[in-house]
Amino acid sequence: MMEDAGFIVTSYVITFGGIVAYAWYVLRRGKKATKQLPDDSKPWV
Amino acid sequence: MADTATGRTTATHATRILGIVTLAGVAWLILFGLILSPADKNQGESVRILYLHAPSAWLAYLAFIVTAIASALYLFPKQHSLGWDRLAGASAEIGVLFMGMTLVVGMLWGRLTWGVFWRWDARLTTTAFLLVTYIGYLAVRRLGGTPEQRAKRSAVLALLAVLEIPLVHFSVELWRGLHQDASVLRPNGDVELDGLMLFTLLSGIVTFTLMYAWLVIHRTRTLTAEDMLDDVGLELALEERRRESIPHTIEEKGALLS
């Protein structure tokens, strides 16, 4: 039972930890790139 | 908010709302997946891992299918829009992340259910092969050349790679192996889950799909901004070379005339 809990919690930590790390990487790169461009060249602004 | 108003990030009002809804979905999934849903009569508590494993696999399939559709939309019309290529690249990157997580989390579930982390079972092997294929796709995108060359070669590869998905999905039907059959997307349309367990699984699929939408929007915008910066850098370099080739001083002009 305890072994199950360890594996289950690990799977949740890996999944959501991986997603948060990737989201942070994407936002950081996005911020770095968009800061150097004028607003009128960004289609989403 | 100030960042959005001046366009210093890839976020907009809509993506912020989408992000908040996704976070609420994650909290909902953790609550149902770890606490409110019951243990399975055969698998016991390890079924809780499947609320992440199955949505991750679904999302990887979705991401790779979007990559193929965007690649076709780049390749086949007469006007080739690099926007479709950037969407394809962003979606493939997210698909690789979720396919990797599907395999790792599936190994943890396999250890509890089968007693081993890995077997060269048909489903596991074809899934690993699919992951390696898309890692190769991302490597091909990073090869040199113009954005148009990058888009063309990666679009062709994406249209070939997507053919592996039916092979992975139906591998449990085609070959007798250790991996269980599909519980929801079965060929005969039956669903082998009941009540709260099915609800939790569907909550996971909805939450992961929202997460995909949020990630793919931000990643596509980042790729757009990076391509624009590359263009600006190229123009500046060309301008520099032109200025270098024009003689500026009287001595330089005289040397050229003589």
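At roughly what angle do the axes of helix H5 and helix H6 of chain B cross? Before selecting them, bear in mind that this is a predicted model.

**First stop: H5 and H6 of chain B.** Select residues 122–141 of chain B for helix H5 and residues 147–161 of chain B for helix H6; their axes come within 9 Å and cross at roughly 170°. An angle over 145° counts as roughly antiparallel, and H5(B) and H6(B) are therefore roughly antiparallel to each other. To see the contact itself, show Thr133(B), Tyr134(B), Tyr137(B), Val140(B) and Arg141(B) on H5(B), and then Arg150(B), Arg153(B), Ser154(B), Leu157(B), Ala158(B) and Ala161(B) on H6(B). If you colour the residues of this contact by class, you will find six nonpolar, two polar and three charged.

**Second stop: the nonpolar core.** Keep Ala158(B) selected and add Ala63(B), Phe64(B) and Tyr212(B), since these four are the residues with the most contacts inside the largest nonpolar core, which has 56 residues. Both chains take part: two or more residues are given by each of helix H1 (2–34) of chain A and, in chain B, helix H3 (47–75), helix H4 (82–113), H5, H6 and helix H9 (195–245). The largest share, 18 residues, comes from H3(B). Centre the view next on Tyr212(B), which, when its neighbours within four places in sequence are left aside, is in contact with Leu59(B), Leu62(B), Ala63(B) and Ile94(B).

**Third stop: Ser203(B).** Move to Ser203(B), which is found in helix H9 of chain B and is partly exposed, with 19 other C-beta atoms within 10 Å. A residue counts as buried only from 20 such atoms upward. Apart from its neighbours within four places in sequence, Ser203(B) is in contact with Trp28(B), Leu29(B) and Phe32(B). A distance drawn from the C-alpha of Ser203(B) to that of Val26(B) comes to 9.0 Å, although the two are 177 residues apart in sequence.

**Last stop: chain A.** Select chain A as a whole, whose C-alpha trace spans about 60 × 15 × 5 Å along its principal axes, and which has one helix and zero strands. Buried residues make up 18% of the 45 residues in this chain. How many residues of chain A are in contact with chain B? There are 29, and they meet 34 residues of chain B; the side of chain A that touches chain B has 15 nonpolar, eight polar and six charged residues.

Key: Residues numbered from 1 in each chain as written. Chains lettered and ligands numbered in written order. Predicted model: local features only at pLDDT ≥ 70, side-chain atom pairs only at ≥ 80, totals over all residues. Contact = placed C-beta atoms within 7 Å. Nonpolar A, V, L, I, M, F, W, Y, C, P; charged D, E, K, R; others polar. Helix = DSSP H or I, 4+ residues; strand = E, 2+ residues; numbered from the N terminus. Buried ≥ 20, exposed ≤ 12 C-beta atoms within 10 Å, placed from the backbone. Axes fitted to C-alpha atoms, helices over the stretch in contact; angles between N-to-C directions. Parallel < 35°, antiparallel > 145°, perpendicular 65-115°, else oblique. Core = buried A, V, L, I, M, F, W, Y, C linked by C-beta atoms within 7 Å.
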